[in-house]
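Work through two exercises on helix packing. Each has a task and a stepwise solution.

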Amino acid sequence: MSNPENTPVELSCGLPPGPEFSDLAALAEECGYARVWIFGSAPLWEDPFAHLALAASRTSRIGFGTAVSIPSERSEMAMASSIATVARLSGGRFRVCFGTGATARRTMGRAPLPLKAVGEYLSAVRGLLEGQTVTIDGSPVRMLHAEGLAAPRPVDAQIWLSAFGPRAIELAGRVADGIIGQHPHPTLPTATMRAGTVLEPGEHRESRRVREAVGPWRAVAYHEAYAIAGARAVDAMPGGAQWRAEVERLAPEDERHLLTHQGHVTHLTERDLPLTGFDGGFPSMIGEPDAIRAELTRLAGRGVREVIYTPSGPDVARELTTFAAAAR
């Protein structure tokens with residue numbers, strides 16, 4: 001899983017599970033990406049493991065990962081079996097990253113999972129994949145797959161954690177093989193996510209094409225501000241009061257969580273369109289090829305092992321191709 005030539009860090013990409021996933025995964029392999037991380041959120045997208053299985057059959061080199069898998073969406077045994085399946089189908093090209101399910105659970109009106117629960121879940125899944133007997137809900141359980149019906153244990157798959165705060169970073173050091181985060185972990189390999197787009201020669205960073213390409217990631221800042229901190233926080237952002245007023249007009253208070261993250265990181269709703277001029281929020285790399293390479297070099301210098309590029313907008317294939325070319 002080598003990098004594109006001269007890329008200072010391992011360059012991967014992140015994509016949602018949907019009808020185009022396997023086509024885009026094959027394209028990412030052609031472009032030289034090291035890995036495709038698939039998003040995971042049952043209220044927003046299709047099943048990630050089904051798409052990973054299909055993409056594994058259409059590729060031969062590129063790695064795969066989940067960004068992220070959510071413990072409350074599958075039991076420990078179902079998760080271990082899913083991981084073992086994709087690990088076998090991909091020939092050991094798979095790693096799984098878990099998180100608290102912040103967005104996925106908020107779309108269902110629930111709080112993110114406590115870190116303690118996530119840590120216990122990871123430990124149980126790891127034990128199952130290693131062939132151990134673990135205790136779940138007070139009962140001893142083990143993967144009982146007969147020879148020939150699954151990969152032999154231990155299953156070859158790393159377990160990572162989405163870790164952005166100090167408590168999650170500390171937990172990762174005890175239960176994970178690596179992290180996705182904003183800052184390098186003191187002992188574990190770290191991947192960080194970046195949205196963005198490569199500018200055409202002479203193109204302005206706030207052109208209509210750019211705003212459409214990165215707009216879904218810019219809108220995330222408003223979605224999260226409203227979901228986490230409420231009206232006052234989102235009203236303080238450019239256009240936030242108007243966006244909030246529309247959400248509150250469309251749904252009663254107990255149903256607004258159904259609208260807040262609609263189109264999350266992939267599509268823009270009509271009420272989101274005015275927010276595309278907000279140049280802030282989720283970290284993005286927008287520039288001509290020299291600027292993209294310089295930013296990748298800067299991140300490598302900070303100790304980041306892998307950059308996960310998360311293209312969006314109407315032409316994801318264009319974004320994948322031009323970003324990989326710019327990184328060389």
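Axes here are lines fitted to C-alpha atoms, for helices over the stretch in contact, and angles run from 0 to 180 degrees between N-to-C directions. The model is predicted.

**Exercise 1.** Classify the packing of helix α2 (residues 48-57) against helix α3 (residues 76-89).

Solution.
1. Take the geometry. The axes of α2 and α3 come within 9 Å, and they cross at roughly 15°.
2. Apply the cut-off. Angles under 35 degrees count as roughly parallel, so α2 is roughly parallel to α3.
3. Assign the hand. α2 and α3 cross in a left-handed sense.
4. List the contact. α2 supplies Phe-49, Leu-52, Ala-53 and Ala-56, while α3 supplies Met-79, Ser-82, Ile-83, Val-86 and Leu-89.
5. Sort by class. The contact of α2 with α3 has eight nonpolar residues, one polar and no charged.

**Exercise 2.** Do the same for helix α11 (residues 289-302) and helix α12 (residues 316-327).

Solution.
1. Take the geometry. The axes of α11 and α12 cross at roughly 70° and come within 8 Å.
2. Apply the cut-off. The range from 65 to 115 degrees counts as roughly perpendicular, so α11 is roughly perpendicular to α12.
3. Assign the hand. The crossing of α11 and α12 is right-handed.
4. List the contact. From α11 come Pro-289, Ile-292, Arg-293 and Leu-296; from α12 come Phe-323, Ala-325, Ala-326 and Ala-327.
5. Sort by class. Seven residues in the contact of α11 with α12 are nonpolar, none is polar and one is charged. Arg counts as charged, and Arg-293 of α11 is in the contact.

Methods:
Residues are numbered from 1 along each chain as its sequence is written. This is a predicted model: local features need pLDDT of at least 70, side-chain atom pairs count only at pLDDT 80 or more; totals for chains, interfaces and linings use all residues. Side-chain values use heavy atoms; hydrogens and water are left out. Helices (H or I, at least four residues) and strands (E, at least two) are DSSP runs, numbered from the N terminus. Angles under 35 degrees count as roughly parallel, over 145 as roughly antiparallel, 65 to 115 as roughly perpendicular and the rest as oblique. A crossing is left-handed if the near helix is turned anticlockwise from the far one by less than a right angle, and right-handed if clockwise. Contact means heavy atoms within 4.5 Å.
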